[in-house]
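Colleague: I'm new to this one. Can you walk me through a few features?

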Amino acid sequence: MKSPSKSSRPSILLVLAAGTFGCHGGAEDAAQAAPHGASPTKEPAATVIPHEWEASLVRLAPDVQASLNVQVVPARAEAMQKAVRRPAIVVLRPDRRAAVAAPVTGSIEPSAAGFPALGDEIERDQVLFLVSPQLSVERDLLTGPQALDVDLKELDLRLRLEEANGLRETARTALVAADRELDRARALVEANIVGSRRLDDARTIRDLAAVDVETAERRVGQLEAEEARPTTSVDAAEPMEVRAPIAGRLDGLTVRPGQVVPAGQEVLAIVDDTHPWLMVQLYASEPSSVDLSADVAVYGGVASDEPSIGSATPLVTPSPLAPPVGMVSRLYRLDADGTPRAPGERLFVDLPTKAAQNATVIPWSSLIFDAHGGIWVYEEKGPHEFRRRAIRFLERNGDLAWVSEELGAGTPVVATGAYELFAIEFGGGGH
């Protein structure tokens, strides 16, 4: 039999080289070498007995098995719920972004603390900038083209106000429907008809609807305030302070100090990225084979031994980004290790499959990987006797390994000490 590579247990190999463990035939040779009438040599510490078509049998003395801490556990049958690892992109929650607009037509000026810059950390109610409103003049003093321009601005304002009122009514209707669904979900959960996730999803939808209503109300208020003022202007009045509606990070800046902007124009945006979402993109055929209602483990890399950085809970909210052609996307609420996650950062999630596969579960420490790609375990064949056998590895699950059903449930396998047996079989001369 061709010997696999040497074990990574140098202490065992040194002991073997010193002759502590005997190979096959060691007992007979020792008996022949003993003087006539002397007591027979005691049983060797370890014996490797070759076999014609199977792996060699390793036999240990009881005290040697105890000193090597060779322990045996029975394999057990289990339905294996496999998982597929897919990339996920960190995205901002829509209700965690606030656009700050000019409340009146005027000139944008820095506050006493200066003008904010992209990436600045913003506190709630912090003064962001000043707006110097422009005063009006009499319409009769305007020339014909100026008066026409004023009329066009008034018409545009009325159209924008009408559109904003329509969006506000739509948002209010959606909020009423979300409130009803939240009440219904709460009642179903209290009656133990559905799980708590239904209530969490209803709360998320209701929160988003409330943000839409608040945004629409603010927009209508800005346009109504603009409508109440004359549309012509020539001079500046007392500057107005504009404060941050939420705490977060300055994400967008569209003007510079000294620039004149109309009322309602977005000046900057603030984002709160402390509780981001994950957008997972799947091939169009995959949703039918994976369980999209289950929580998923989140990883920082694609390697199979990558440690998990947290979990994510599925959401029913539509994705804010359109997936590529032939793909579908799903959103998850990220519950990670607290590390700040920037929008666009790539992570990975394990999506459980719907179909379970029958498999055998053994300790991960039972597996031996040789230099030729073989995967083995040691099966207990009798008291203190072990034989190596090949297995088909399926997947790792923490400290456990799923292997094929050829290794039947109840088969006694070595849980600790497998590499020590491997070293004895190949390092001690028992080929």
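Modeller: Let's start with a term. Partly exposed means a relative accessible area between the buried cut-off, under 20%, and the exposed one, over 50%. Keep in mind that this is a predicted model.

Colleague: OK. Is F369 buried, exposed or partly exposed?

Modeller: F369 has 38% relative accessibility, so it counts as partly exposed.

Colleague: And what about W364, buried or exposed?

Modeller: In between. W364 has a relative accessible area of 25%, so it is partly exposed.

Colleague: How many aromatic pairs does the whole structure have?

Modeller: Five turn up in a search of the whole structure. One of them joins W364 and F369. That pair is tilted, with 45° between the planes and 5.8 Å centre to centre.

Colleague: Which cluster do ring pairs build there?

Modeller: They link W364 and F369 with F393.

Colleague: Switching topic. What order do the strands take in the open sheet?

Modeller: β4-β20-β25-β24, four strands with antiparallel pairing. The edges are β4 (76-80) and β24 (393-397). Each has a single partner strand, so one side of each has no neighbour in the sheet. On average, neighbouring strands are turned by 40° against each other, direction ignored.

Colleague: How many bridges join β4 and β20?

Modeller: Five, in the antiparallel sense. β20 covers residues 357-363. Its V361 stands opposite R76.

Colleague: Last one. Which ring does the charged end of R85 sit over?

Modeller: The ring of Y299, 3.8 Å from its centre. R388 has its charged end over the ring of W376, 4.2 Å from the centre.

Technical notes. Residues numbered from 1 in each chain as written. Predicted model: local features only at pLDDT ≥ 70, side-chain atom pairs only at ≥ 80, totals over all residues. Heavy atoms only, no water. Pairing = 2+ DSSP bridges. Helix = DSSP H or I, 4+ residues; strand = E, 2+ residues; numbered from the N terminus. Axes fitted to C-alpha atoms, helices over the stretch in contact; angles between N-to-C directions. Phe/Tyr/Trp six-rings, centres within 6.5 Å; stacked < 30°, edge-to-face > 60°. Buried < 20%, exposed > 50% of the residue type's maximum accessible area, 1.4 Å probe, protein only. Lys NZ or Arg CZ within 6 Å of the ring centre and 35° of its normal.
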